[in-house]
Amino acid sequence: MNEINSPATFRHQAAEEVFDWLLNRSYGERFIDNLLVDLAGRLRGAGLSVARLSLHLHTQHREWFGATLIWKLGVEEVEVITHAYSDEPTEGYRNSPILSVRNGATEIRRHLADLAEDQFDFPVLADLKAQGLTDYVVWPIHYTLGKFHVLTFSSDAPRGFSLAELAFLRRITPLIALVTEVRSKNIVLRTLMETYVGPIAAQRILAGETRRGLGSSIEAATMISDLRHFTDMTAERPRDEVIAVLNAYFEAIADPIERHGGEILKFMGDGMLAIFPLDQPEACANLIAAVREGQERLAALNAENLTSGLPELHQGVGIHLGEVSYGNIGSRNRLDFTVIGPVVNIAARLQGLTREVDCPVLVTGDFARRADRPDDFTAIGTFPVRGIPEPIEVLALKL
């Protein structure tokens with residue numbers, strides 16, 4: 001039988017090699033789940049009877065507050081279970097060793113092989129024993145800034161973990177905390193960057209584009225949207241209600257943009273700036289689909305608002321395309337990763353023009369010709385634009 005798949009005799013020298021790998025050579029593992037798989041295999045190869053390990057993390061993620069990563073013997077990938085902010089704690093969690101450690105316990109160990117079913121003080125123990133596990137130990141792992149998470153190991157050896165195994169696992173727990181904190185912070189950093197500046201800008205910033213003025217010129221379809229009568233709403237309604245309405249509005253129009261390949265660069269009060277890079281073959285068609293879907297979702301939101309006494313929401317959208325400057329702009333100490341240029345200015349002017357011509361979505365002739373979908377537009381006319389020498393051909397997008 002393969003040594004990694006069956007309990008073996010603990011070997012001190014091999015275990016020391018695991019310690020050395022964690023301390024000096026694990027930097028090559030970029031992702032926390034791959035790191036745990038590699039660690040588990042190395043522990044098993046050193047003769048430790050680890051047949052299951054789990055890491056329970058609190059996270060800084062926009063959609064979920066925590067994650068559980070579980071490795072089991074014979075499985076090549078870690079199972080990742082995320083916990084949404086809206087999730088109610090389960091009965092299993094409320095009566096679990098994980099919560100006990102988070103409430104102050106410094107170690108929990110249960111020798112499953114010696115426990116009868118009526119002796120299980122945590123429901124999870126029955127599940128672990130049913131999986132053929134014989135021993136279970138739980139420890140907190142401490143991160144910087146006073147944060148801590150929870151680590152568990154389970155054994156499949158007939159008598160569970162030996163004293164030597166437990167001593168070694170205790171010894172490497174601080175190292176596991178160190179190497180997993182680095183990986184978890186990489187995830188947090190990327191998540192926060194993507195949340196606040198978008199995935200494309202986040203990738204460029206993390207790749208080193210952090211100097212003022214550093215950037216490039218790209219071809220992009222640019223859209224600017226604005227919520228109508230927002231100033232009146234803020235004056236007439238409670239703050240919390242205004243924030244809830246604004247968040248619902250942005251969710252309605254922003255989700256379709258990201259789903260169709262666009263990138264939201266910033267929210268500006270009640271406005272939004274987004275781009276669809278033209279290196280995407282269907283960028284213009286995708287932008288049109290995103291705007292139409294956003295309008296449909298906005299209509300559905302308005303139907304809900306009317307039944308609950310909230311205001312009906314309307315937006316204006318201006319769209320143009322061409323070359324934009326994409327990169328870092330700002331002061332020495334505060335930068336913004338955004339796009340600037342005449343294309344952005346014209347999109348902003350068209351957004352303002354939607355009020356005058358009473359059309360919610362206006363595009364330039366350049367955009368309409370690039371989209372090559374004449375049935376999607378209605379000609380409005382030509383209009384002067386401040387700062388542009390020639391009048392701009394303007395069309396309305398049919399919704």
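Buried means under 20% relative accessible area, exposed means over 50%, and partly exposed is in between (1.4 Å probe, protein chains only). Every panel below shows a predicted model, in which local features need pLDDT of at least 70, side-chain atom pairs count only at pLDDT 80 or more, and totals for chains, interfaces and linings use all residues. Residues are numbered from 1 along each chain as its sequence is written, and side-chain values use heavy atoms, with hydrogens and water left out.

**View 1. Serine 155, a buried residue in strand β6.** Serine 155 sits in β6, which covers residues 148–155; helices (H or I, at least four residues) and strands (E, at least two) are DSSP runs, numbered from the N terminus. Serine 155 counts as buried because its relative accessible area is 0%. A polar atom of its side chain lies 3.0 Å from the backbone nitrogen of alanine 157. Set aside the neighbours within four places in sequence, and serine 155 is in contact (heavy atoms within 4.5 Å) with Ser49, Ala51, Leu133, Thr134, Asp135, Gly160 and Phe161.

**View 2. Phenylalanine 153, also in β6.** Here the relative accessible area is 0%, so phenylalanine 153 is buried. Its contacts, again without the neighbours within four places in sequence, include Leu43, Val50, Arg52, Leu53, Tyr136, Trp139 and Ile176. Alanine 51 is 102 residues away in sequence, yet its C-alpha is 7.7 Å from that of phenylalanine 153.

**View 3. Leucine 145, in the loop between β5 and β6.** The loop comes after β5, residues 135–142. Leucine 145 is exposed because its relative accessible area is 76%. For a sense of distance, take aspartate 33: the two residues are 112 apart along the chain, and 23 Å separates their C-alpha atoms.

**View 4. Aspartate 226 and its arginine partners.** Aspartate 226 belongs to strand β7 and is buried, because its relative accessible area is 12%. Its side chain makes a polar contact of 3.2 Å with the side chain of arginine 228. The side chain of arginine 355 is joined to aspartate 226 by a polar contact of 3.2 Å. A polar contact here is a pair of N or O atoms within 3.5 Å; within protein, one must be able to donate a hydrogen and the other to accept it, and residues adjacent in sequence count only if both atoms are side-chain atoms. Leaving out neighbours within four places in sequence, aspartate 226 is in contact with several residues, among them Tyr249, Asp270, His314, Gln315 and Gln351.

**View 5. The largest cavity and its lining.** The structure holds one cavity of 30 Å³ or more, and the largest cavity has about 50 Å³ of space. On a 1 Å grid over the protein atoms alone, a cavity is a set of points where a 1.4 Å probe fits but cannot get out, and lining residues have an atom within 4 Å of a point. Grid points are joined across faces, edges and corners, and a volume is the space filled by probe spheres set on the points. Look for Met223, Ser225, Ile253, Ile257, Met272, Ala290, Val291, Gly294, Gln295, Gln315 and Val317 around the space. β7 (215–227), α9 (239–259), α10 (283–307) and β10 (315–330) each supply at least two of the lining residues, and α10 gives the most, with four. The lining has seven nonpolar, four polar and no charged residues. In that tally, Ala, Val, Leu, Ile, Met, Phe, Trp, Tyr, Cys and Pro are nonpolar, Asp, Glu, Lys and Arg are charged, and the others, Gly among them, are polar.

**View 6. Helix α10 and the glycine that follows.** α10 runs for 25 residues and spans 36 Å from its first C-alpha to its last, close to the 36 Å expected at 1.5 Å a residue. The expected span is 1.5 Å times one less than the number of residues in the helix. After α10 comes glycine 309, with a positive phi near 80°.

**View 7. Histidine 229 and aspartate 358, two loop residues with positive phi.** Most residues other than glycine have a negative phi. Histidine 229, in the loop between β7 and α8 (230–236), has a phi near 60° and is exposed, because its relative accessibility is 60%. Aspartate 358 lies in the loop between α11 (342–357) and β12 (361–364). Its phi is near 55°, and aspartate 358 is exposed at a relative accessible area of 69%.

Notes. On a 1 Å grid over the protein atoms alone, a cavity is a set of points where a 1.4 Å probe fits but cannot get out, and a pocket is an open set with protein on both sides within 12 Å along at least five of seven lines; lining residues have an atom within 4 Å of a point.
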